[in-house]
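The following paragraphs lead the reader through one protein structure, first through its interior and then through its charged pairs. The sequence and the structure are shown here for reference.

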Amino acid sequence: MSETTTTTQRPAAPFQTESFRLTRPQIVGPDTPEPPFPIRLGGPVQRGFGRGGKDLGCPTANLPDESIDTISSKAKTGVYYGYAQVLPPKEGNELSEEDLKVHPMAMSLGWNPFYKNERMTAEIHIMHEFKADFYGYDMRVVVLGYIRPELDYTSREALIEDIEIDKTVALRSLDRPDYKKFSTDEYFVLN
């Protein structure tokens, strides 16, 4: 991660409100990805804070800090959608063939204001149920669009509710022809 990213103070985020939730669109972005998308990210999956799966019911895979520069220089903090793929290691693969396919994803890029993080993270929720952990495995991500800004929350329940909406919006937004074609992008390793 660049020196400026790691030393930047955590910015204040607006609080999520019920009126915001009620006015959220079910599909976001134009019918075709527009610049700066697609943005390609990758690197070995790092251990995060362990909150996604345990605390929020939404397991996430964290990219290394240096991967974040690719997107943070082109995009603002918030929630994004696209596709992700976990790649098998040369030895010791514990994942199934299904696990190794390209899957839809939703990604949080930012400071996680509800948890008051001291550094920016990129946390990817791959919309697939994995049977095993894949820390240290390489992951490739193609980010295709922006869902919403980073927000703070007054309760964990409100955060969970918005995460569930984010996942639905991501799936609906990806269910368009010019987005679906990125599931076979040359960046991914396809069998």
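The model is predicted, and this account of it opens with a lysine, K180. K180 counts as partly exposed, with a relative accessibility of 43%. Its side chain meets that of D175 in a salt bridge, with a distance of 3.0 Å from N to O. By the rule applied here, the structure holds eight salt bridges, and others among them are taken up below, after the interior.

The interior may be approached through its nonpolar residues. The largest nonpolar core has 29 residues. Within this core, M107, I124, F134, V141 and V143 touch the most other members. Six elements give two or more residues each to the core: the helix α4 (65–72) and the strands β1 (39–44), β3 (78–87), β4 (103–110), β5 (121–126) and β6 (138–149). A second core, separate from the largest one, consists of 17 residues, including Y81, Y83, V142 and I147.

F134 deserves a separate look. Which residues is F134 in contact with, if its neighbours within four places in sequence are left aside? They are V45, A61, V86, L95 and I126.

The account now returns to charged side chains. Side chains of opposite charge can pair when their charged atoms come close. One such pair is R24 and D162, whose side chains meet in a salt bridge at 3.4 Å from N to O. This pair links distant parts of the chain, for R24 and D162 are 138 residues apart. R24 lies in the loop between α2 (18–22) and β1, whereas D162 belongs to helix α5 (residues 156–174). Are these two residues buried or exposed? R24 is buried, with a relative accessible area of 8%, and D162 is buried as well, with a value of 0%; both therefore fall under the 20% limit that defines a buried residue. The pair also takes part in a network of salt bridges that links R24, R148, D162 and D166.

Helix α5 also contains a salt bridge between E164 and K167, in which the closest N and O atoms are 2.9 Å apart. Because E164 and K167 are three residues apart in helix α5, about one helical turn separates them. The two partners fall into separate classes of accessibility: E164 counts as partly exposed at 36%, while K167 counts as buried at 14%.

Note on methods:
Residues are numbered from 1 along each chain as its sequence is written. This is a predicted model: local features need pLDDT of at least 70, side-chain atom pairs count only at pLDDT 80 or more; totals for chains, interfaces and linings use all residues. Side-chain values use heavy atoms; hydrogens and water are left out. A nonpolar core is a set of buried Ala, Val, Leu, Ile, Met, Phe, Trp, Tyr and Cys residues joined through side-chain atoms within 4.5 Å. Buried means under 20% relative accessible area, exposed over 50%, partly exposed in between (1.4 Å probe, protein chains only). Helices (H or I, at least four residues) and strands (E, at least two) are DSSP runs, numbered from the N terminus. Contact means heavy atoms within 4.5 Å. A salt bridge is a side-chain nitrogen of Lys or Arg within 4 Å of a carboxyl oxygen of Asp or Glu.
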